[in-house]
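Please open the model in a viewer and keep the selection panel at hand. The tour below proceeds by selections, each followed by a description of what is found there.

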Amino acid sequence: MPNGRRPSEGAAGSGAGFAPGGKPGGAEEEALTGRQRLLKGVWPPRVTRAQLIVAVLLFGLGLGLAIQVRSTNENSVLRGARQEDLVRILDELDARTQRLQDEKRRLENQRTELENSSDQAEEARKQTLQKEQQLGVLAGTVAAQGPGITITINDSQGSVEADMLLDTVQELRAAGAEAIQIGSRRVVADSYFSDAGGSVEIDGRKVTQPYVVKVIGKPEDLEPALNIPGGVVQSLEKEQATVSVRREKKIVVDALRSGKRPDYARSSSR
């Protein structure tokens with residue numbers, strides 16, 4: 001080489017227009033198309049916090065505008081409808097309202113009927129129980145208590161017979177007696193009295209002396225009925241029996257009879 005010099009390595013390797021691989025950097029950038037430069041500029045995305053907030057706000061604004069446009073379109077349908085169509089729509093709305101009102105009244109009536117039927121059923125049940133108790137007292141199948149009188153008959157001579165006790169029972173029933181018990185025997189409609197060797201039997205069972213008759217009823221009616229002239233008390237005293245009648249506020253008739261089913265009679269109610 002002239003002058004005996006060699007080019008310095010720094011000068012050869014530091015050329016500003018050369019890129020690795022031997023091509024100039026400006027030439028590589030010029031080789032990219034416009035689309036490639038655009039993609040290179042936006043990808044990978046560099047989203048900041050402010051840009052994200054703006055995007056969310058724009059999305060909400062767009063959604064609100066879409067809803068408003070849809071509502072406006074629906075209203076514009078009615079606004080642009082013909083008069084006949086509007087009348088038909090109103091008629092349909094009126095008919096639907098009427099049907100709903102009818103259904104409401106029907107349901108209210110059904111509720112009222114259910115309430116009344118429930119009340120009627122409860123009242124019928126109460127009346128049935130009361131009637132059962134009343135019939136049980138008359139039939140002697142249930143115990144009873146209430147005001148009444150107690151009759152004590154002492155027959156030391158043994159002259160009181162079954163028919164005299166039966167007359168006493170009949171007189172008491174005529175005076176309003178509701179429940180009668182003689183000794184340990186309940187006296188009911190089908191009870192029968194009989195004599196058995198100086199004693200009295202009721203329904204085939206002997207009753208011992210003194211004859212204690214417990215009667216439930218109005219004392220003011222029962223006692224005078226026994227003491228009328230020629231009545232029960234005088235008839236028993238003629239037979240040398242002593243009779244005492246005592247009014248009481250509470251009489252308990254607890255002798256019971258088993259219910260008997262009739263062999264032939266049946267209820268005629270349906």
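Begin by selecting β1 (144-154), α8 (232-238) and β8, each of which supplies at least two residues of the lining of the largest cavity. The model being viewed is a predicted one. Which of these elements gives the most to that lining? It is α8, with three residues.

Next, display the side chains of I151, I153, T168, L226, V232, V233, L236, V243 and V245, which together line the largest cavity. The space that they surround has a volume of about 30 Å³. The structure holds one cavity of 30 Å³ or more. Rolling a probe the size of a water molecule over the atoms shows where empty space is left.

**The open sheet**

Now select β4 (193-195), β5 (200-202) and β6 (205-207). These three strands form an open sheet in the order β4-β5-β6, and their pairing is antiparallel. Both β4 and β6 stand at the edges with a single partner strand each, so one side of each is left without a neighbour in the sheet. When direction is ignored, neighbouring strands of this sheet are turned by 40 degrees against each other on average.

Zoom in on β4 and β5, which pair in the antiparallel sense over three bridges. Here S194 can be found opposite E201 in β5. Then add helix α6 (residues 162-174), which packs on the sheet and touches β4 and β5. The direction of α6 makes about 160 degrees with that of β4.

**The salt bridges**

Side chains of opposite charge can pair when their charged atoms come close. How many salt bridges does the structure contain? With a cut-off of 4 Å between the side-chain nitrogen and the carboxyl oxygen, the count comes to six salt bridges.

Select R257 together with D190: the two form a salt bridge, and their closest N and O atoms are 3.3 Å apart. R257 lies in the segment after β8 (242-253), whereas D190 lies in the loop between β3 (185-187) and β4, so this pair ties together parts that are 67 residues apart in sequence. R257 counts as partly exposed, at 22% relative accessibility, and D190 also counts as partly exposed, at 47%.

Keep R257 selected and add D203. These residues form a salt bridge as well, with the closest N and O atoms 2.4 Å apart. Because D203 is in the loop between β5 and β6 while R257 is in the segment after β8, the pair ties together parts that are 54 residues apart in sequence. Is D203 buried or exposed? At 14% relative accessibility, D203 counts as buried. With the three side chains shown together, D190, D203 and R257 appear linked in a network of salt bridges.

For the last stop, select E223 and R247, which form a salt bridge whose closest N and O atoms are 2.4 Å apart. This pair links distant parts of the chain, with E223 in helix α7 (residues 219-226) and R247 in strand β8, 24 residues apart. R247 is partly exposed, its relative accessible area being 43%. The tour thus ends on β8, one of the elements that supply at least two residues to the lining of the largest cavity.

Notes. Residues are numbered from 1 along each chain as its sequence is written. This is a predicted model: local features need pLDDT of at least 70, side-chain atom pairs count only at pLDDT 80 or more; totals for chains, interfaces and linings use all residues. Side-chain values use heavy atoms; hydrogens and water are left out. Helices (H or I, at least four residues) and strands (E, at least two) are DSSP runs, numbered from the N terminus. Buried means under 20% relative accessible area, exposed over 50%, partly exposed in between (1.4 Å probe, protein chains only). Two strands pair if DSSP finds at least two bridges between them. Axes are lines fitted to C-alpha atoms, for helices over the stretch in contact, and angles run from 0 to 180 degrees between N-to-C directions. Contact means heavy atoms within 4.5 Å. On a 1 Å grid over the protein atoms alone, a cavity is a set of points where a 1.4 Å probe fits but cannot get out, and a pocket is an open set with protein on both sides within 12 Å along at least five of seven lines; lining residues have an atom within 4 Å of a point. Grid points are joined across faces, edges and corners, and a volume is the space filled by probe spheres set on the points.
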